[in-house]
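Hi there,

Here is the structure I promised to pass on to you. Have a look at it first, and then read on for what I found in it.

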Amino acid sequence: MTPKMSTNWTLAVRQRLAKNFPPDQVLPDKQPSFVRSAVYLFGALTIASFALIIVTGTVLAIFGPQWWHTDAIGHFFNSLHLWSVEAFFFCMVIHLWGMFYLGAWRDGRGRTWVMGALAFVVSIGTAFTGYLSQSNFDSQWIAVSAKDAINAVGVGAFFNVLNFGQMYGFHILVLPVILIAVVVLHIVLVRLRGVVRPYPVKGEARVPYTAGMTQEQYYRGVRMIPYDLLREVVLSGAVVLVVVLLFAGIFSSPDDKPLTMQSVAQSDPVGFVTVSLSELAGNSVIAQYGPPYNNTTGSSQSFGPFSPQQLAGVGIPIDTAAVYVTDPLKTVQNPAVATALRTFTAASAAQQMTWENNYATALGKADGSLDAAGHLKVADGDYGPLPVMFGALLDIARSGALDGLLLTDGRFYQTDYTKPLLFLSEEALPNRAEQLNLLGSQWGMMNETGAYPGQAWLWLYTFWYQVPFGPFNGPNADIAVLVLMGILTLVLVFLPYIPGLRRLPEFLGVYRLIWREHYREVRATMAADGEHVETPSPSP
Amino acid sequence: MAQYVHFGIFLITVPNLIVIGLMLLVFALAVALPLPQGHPERHPEPIDQVSNQHSEDQEGGL
């Protein structure tokens, strides 16, 4: 008879905890003998790596996102954080492979698999926002590469990868909280239900699984061996710590300086003015991008007739002529510049276009040399007020003032770098990424600056961009890849509930190698009992 | 600066390829290499109910 639960809330919670979390299952000192395989170690190694990520990430958060760029100790902690992440994914992927080949979701363990797979998916998002929060060139490049896919599915205005403040918040709070909750649930389910039994040998006598059975009942007849959970966790932590310390000490971590409007204007004045002119003329990539920045359709993607990007509308309105040219020039305290701006604004659209085309042609032939006033030298021609306007714009960009002007919106604190990053994405960032050999054929999403491994766990996402046919190689590639990966992710998470697919491990047969000692014991026992012995095989 | 490996439609940086290759190698070793055995203790309770059927169909719901 089930004891009656108390009406005292505290007592009721205590009774429920005692009933649902028996100490010998939460902290076991025995485990089934078939668990003696190195494949089972990678769960604890993943948890140990995760703990190290939290510790190093907390230290980095305490000192702020700029600390590691300027302080040797900060840089070392960033290296520890980076290599902890690499260790975490390394161990988690092996753990996931192992549990897949063992069909670990059998016997009522579907939810355990779902939580583990969700942890993998949330981890990818957490790591991705971490790469965006590095505040160096790598984060700039990943942000502008990723924005198209995020915009294509219509969430670019809500989840703006160019907004450092938002990505940092997601990385250090929102996603870690979700990840910790999912990981804890996964561990609790593993501890309460225990690991799944091996696939049965034909003729093997075993207690059939029934929903709600205890571990005592589930493992009845299974040989148990001593096990020290805490020792395994502590030793795993020590192993991961040593490996991460070694990698951080030997290989450190990359930190290429980010590009700024100032650095681009100083190093490539022709490129800077040419892009600025296209922003004024409205023929730049961003000016014709479409949602969430404006109502054009240049980079708008659709899945058949359905375009979530168009449906989401303009959430981050950007008038490129005003944002990048005329508004910054209005701040210049120079009568000649004010007059030039008035002349341009008062001119007809046809006149403006003539000046812009003439100036663009002249810029194409410019060698980048500057005159005594610091303005670009171009051949004589009919450019109207443009040389004065772009001379002044180049001045404020080279001084560094434009970087500030593009961030300010009348308030003091700024963390949204959407405007300067969109400008830099036109030419400067792709050019620099090409110099650093980052492009590849998937635009470098999983690459890291220097000779470092990047987000290798994104390989299946980026792989599709390399398929040279179908929707993956056209103007709608981003939405096609994200929709496909969304479906594949759902398949991974809900694998235990998909008929046919959930029996795949039986047919692959890798479990026979992992549990070979167990099957040897079972065969020996059955032979001793005089029973007919067959190797495990897929059910009909 | 990372170099690339290009085979067929696959293009990947050498560092990323090394990481993925190491994962496969470590997984293969984890499957192949035995762990030392502990001291066995047979579970004390007898088997009071036996079956030969596979338990795959008895998957718990979400």
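To get started, in which helix of chain A does Val121(A) lie? Val121(A) belongs to helix H6 of chain A. Before going further, please keep in mind that this is a predicted model.

**Staying with Val121(A) and helix H6**

Is Val121(A) buried, partly exposed or exposed? With a relative accessibility of 27%, Val121(A) counts as partly exposed, because the partly exposed class runs from 20% to 50%. Leaving out residues up to four places away in sequence, Val121(A) touches Thr489(A) and Val493(A). You can also try a distance in your viewer: from the C-alpha atom of Val121(A) to that of Pro430(A) there are 29 Å, and the two residues are 309 residues apart along the chain.

Helix H6 of chain A also holds Gly110(A). Here the relative accessible area is 1%, so Gly110(A) is buried; the cut-off for that word is under 20%. Between Gly110(A) and Val155(A), 45 residues apart along the chain, the C-alpha atoms are separated by 31 Å.

**Chain A as a whole**

Now zoom out. Chain A contains 25 helices and two strands. Its C-alpha trace spans about 100 × 55 × 50 Å along the principal axes. Of the 540 residues in chain A, 51% are buried. If you take the contacts in chain A with a separation of 6 or more, 73% of them are between residues 24 or more positions apart.

What about the surface? About 24,700 Å² of chain A is exposed, and carbon and sulfur atoms supply 65% of that area. Chain A carries 33 positive and 37 negative charges, and the mean positions of these two sets are 17 Å apart.

**The inside of chain A**

Which residues touch the most other members of the largest nonpolar core? They are Phe89(A), Phe272(A), Leu386(A), Met389(A), Phe390(A) and Trp515(A), in a core of 144 residues. Helix H5 of chain A, residues 72-101, gives the largest share of this core, with 15 residues. Another core, of seven residues, lies apart from it; Phe463(A), Trp464(A), Phe472(A) and Met485(A) are among them.

Met389(A) is a good residue to click on. Not counting its neighbours within four places in sequence, Met389(A) is in contact with Leu280(A), Val325(A), Leu329(A), Ala340(A), Leu341(A) and Phe344(A).

**Three loops with something to look at**

Where in chain A does Ser135(A) sit? Ser135(A) is in the loop between helix H6 (110-132) and helix H7 (137-152). Its phi is near 55°, which is a positive value in a residue other than glycine. Ser135(A) has a relative accessibility of 21%, so it counts as partly exposed.

Ser252(A) is also worth a visit. This residue has a positive phi of about 55° although it is not a glycine. You will find Ser252(A) in the loop between helix H10 (229-251) and helix H11 (261-267) of chain A. Its relative accessible area is 25%, so Ser252(A) is partly exposed.

The third loop runs between helix H12 (269-281) and helix H13 (308-312) of chain A, and Pro292(A) has its place there. Look at the peptide bond from Pro291(A) to Pro292(A): it is cis, with omega near 10°.

**And chain B**

How many helices and strands does chain B have? The count for chain B is one helix and three strands, and from the N terminus on they run in the order β-β-α-β. Among the 62 residues of chain B, 31% are buried. Chain B exposes about 4,000 Å², with 67% of this supplied by carbon and sulfur atoms.

Strand E1 (residues 4-7) and strand E2 (residues 10-13) of chain B run antiparallel and are joined by four bridges. Across this pair, Val5(B) stands opposite Ile12(B) in E2(B). The hairpin of E1(B) and E2(B) has two residues between the strands, and Gly8(B) takes a positive phi near 60° there. While you have the strands on screen, here is a rule to carry with you: in a regular strand, side chains alternate between the two faces of the sheet.

Enjoy exploring, and write back with any questions!

Best wishes

Definitions and conventions. Residues are numbered from 1 along each chain as its sequence is written. Chains are lettered from A and ligands numbered from 1 in the order in which they are written. This is a predicted model: local features need pLDDT of at least 70, side-chain atom pairs count only at pLDDT 80 or more; totals for chains, interfaces and linings use all residues. Side-chain values use heavy atoms; hydrogens and water are left out. Buried means under 20% relative accessible area, exposed over 50%, partly exposed in between (1.4 Å probe, protein chains only). Contact means heavy atoms within 4.5 Å. Accessible areas come from the Shrake-Rupley method with a 1.4 Å probe; for residues, only the protein chains shown count as cover. Lys and Arg count as positive and Asp and Glu as negative; His and the chain ends are not counted. The place of a charge is taken as NZ of Lys, CZ of Arg, CG of Asp or CD of Glu. A nonpolar core is a set of buried Ala, Val, Leu, Ile, Met, Phe, Trp, Tyr and Cys residues joined through side-chain atoms within 4.5 Å. Two strands pair if DSSP finds at least two bridges between them.
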